[in-house]
Amino acid sequence: MADQQKISMFWLLRYLKPVKGRIALLFILLLGTTGLQLINPQVIQRFIDEAAGSGGMAELLELAALFLVLAVVNQTMGVVVTYLGSDVSWRTTNRLRGDLLRHCLRLDMSFHNRKTPGEMIERIDGDVSSISNFFSMFIVQVIGSFVLLAGILGFMFTVNVPIAVVMTAFTLLSILGMMIIRNLGVQSSKNDREASATLFGLIEERIAGIEDVQANGHVPYVMNRFYRAMSSVFLKGRKAWMLRVVPWNVTVSLFTLAVTAVMLLGVRSYMLGEISLGMLYLIYQYTQMLNDPIERLGDQVQEFQKAKSGMLRSRELLSQQSDIQDGEDKQLPEGALSLEFDQVCFSYNKDKPVLQNISFSLKPGERLGIIGRTGSGKSSLSRVLLRLYNLDSGVIRIGGVDIAGLSLPALYRRVGMVTQDVQLFDGTLRDNLTLFNEKVDDEAIMETIEQLGLSPWILAQPEGLDTHLSASGSSLSAGEAQLFALARVFLAKPSLIVLDEPSSRLDAATEAMLQSGVDRLLRQSTGVIIAHRLATLEQVDKIMVVGDGRLLEFGSRKELAGNPSSHYARLLQSGREEELA
Ligand SMILES: Nc1ncnc2c1ncn2[C@@H]1O[C@H](COP(=O)(O)OP(=O)(O)OP(=O)(O)O)[C@@H](O)[C@H]1O
């Protein structure tokens, strides 16, 4: 645990570095307010003694004015300290949020398959929020509190040693107690954060599937799971809170004892004529003030426990390694790219093979149509081709280069894919087509759209390319979104294109219209088209039939069509596409 703590602190320092100037200023201001807090009671003490003695009105007014000025300056500095604290906290935590998101986006699909989006939101935002106080105030508050304590106790030793000894003993005991129990709540706070992440995951999953939940009458079941998750958050949250407030309760009890002892000693000294009335007030005031920094330290211990659980979880996430390691090769040959699968085996879970010994090759510019029954492994084939998963064994070569040794940006620059699930982003049609790349001009967009025969559709949108699309895609039909995804991938001019059921949601007329456009655009690249409808594959050069993760048939489309014993010919003859393979 101690080791882990050291790592956490060290690791966070890099986020504080860019704001070190602001932290220094924060620190100076805090020292200033601490000093003013110490001086103010002394002004009142002099005021009381002057008033009780023979002080003139002018002196009293001077002291009152000084008190007012100091109080206003103190308040103003307090506001600036709060502002600077929040500023530091936002700057640092936003950098951490950015790092976490960037890291997660690079993690492999196996990781993302295990996490719900809601859980990821909690990890990227929720955990970091719990660290924000640590960034803004922890160091400053802790040091400020110690300085204030030292100031009060130091001054008391010059006034009355027995009272100063009682105060010091109380302070040391309180701090010691907090040090001993400071880690008490860390694990429970971590459990609390985990429960909350699960709850968010559940809410997100259900809202994302709202149509299915409503249409299938799943509301009571969803509510039941929701209540159970909430109950877990409540129980774990309560335990974490209870363990966090223990240090605070310890200091409150000690403080009551200390105030009683100090007041008894103070009143006794006053009765014996050792101190003035003003000094008695000062002793009382300083005793009260002792509680403030100790309470602040207690608060910071609580915050630290919360922050530490967030730090541990964020650190854990940042240290997750992607299974997909970036390769060194940066170059692929110019023009359309060849494709070769050599004895490729792949599984999502080791106990269930999904692709078994797949070998085939395509020359640059050739087009392959893949057919096979539902669940036979067609989409998995395209996923491994784009290195979304690692192979169990075998090699995939694109343009003669093993993709395992190829850098991922180099791969994605030249290979494009349209999947069955089209993701839209919050932005205009143009943003979604260019993926926010401002270098792509409208002319290039319209040219591609024209070739795909989609310009009437784009022009029919209320504001053309400036039409706003919502991230959920509710503004487009599923078929429209597919057209859109096709335009998007062709705009990037890839040299190898994988189309996974690109027209599954289009009506026959729209598909026919699209077909010639796709054919034209595919002329500049090698194409892999996964299709359920045989009509989609009329223009391909090669056909592959997949069944149960195995390659059942591979060859020239024309030859297979002319061979009555081939799977493909039989499918063509029967016209029963549902019997694919
Ligand atoms: N993320 C995943 N995790 C675990 N198993 C998966 C995952 N995705 C797919 N599978 C399994 O892998 C097998 C092949 O799935 P794949 O999606 O490649 O089939 P497909 O031929 O593309 O099917 P469809 O025609 O329905 O799109 C199926 O048995 C499926 O259950």
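## Contact between α14 and α16

Four residues of helix α14, namely Ala-444, Ile-445, Thr-448 and Ile-449, meet Ala-487, Phe-490 and Leu-491 of helix α16. By type, the residues of this contact are six nonpolar, one polar and no charged. The model described here is predicted.

Helix α14 covers residues 442-451, and its axis lies 10 Å from that of α16, at an angle of about 125°. Angles over 115 and up to 145 degrees count as oblique, and α14 and α16 are therefore oblique to each other. Their crossing is right-handed.

## The nonpolar cores

The largest nonpolar core contains 65 residues. Helix α16, residues 478-491, supplies the largest share of this core, with eight residues. The residues with the most contacts inside the core are Ile-370, Ile-398, Leu-452, Leu-486, Ala-487 and Ile-543.

Leu-452 can be followed in more detail. Leaving aside residues up to four places away in sequence, Leu-452 touches Leu-486, Ala-487 and Phe-490, as well as Leu-514, Gly-517, Val-518 and Leu-521.

A second core, separate from the largest one, has 38 residues. Among them are Leu-30, Leu-96, Ala-164 and Phe-304.

## Helix α11

Helix α11 runs over residues 378-385, and six of its eight residues are buried, so the helix is largely enclosed by the rest of the structure. The buried residues are Lys-378, Ser-380, Leu-381, Arg-383, Val-384 and Leu-385.

Just after the helix comes Arg-387, which has a positive phi of about 55°.

Notes: Residues numbered from 1 in each chain as written. Predicted model: local features only at pLDDT ≥ 70, side-chain atom pairs only at ≥ 80, totals over all residues. Buried ≥ 20, exposed ≤ 12 C-beta atoms within 10 Å, placed from the backbone. Helix = DSSP H or I, 4+ residues; strand = E, 2+ residues; numbered from the N terminus. Core = buried A, V, L, I, M, F, W, Y, C linked by C-beta atoms within 7 Å. Contact = placed C-beta atoms within 7 Å. Axes fitted to C-alpha atoms, helices over the stretch in contact; angles between N-to-C directions. Parallel < 35°, antiparallel > 145°, perpendicular 65-115°, else oblique. Left-handed = near helix turned anticlockwise from the far one by under 90°. Nonpolar A, V, L, I, M, F, W, Y, C, P; charged D, E, K, R; others polar.
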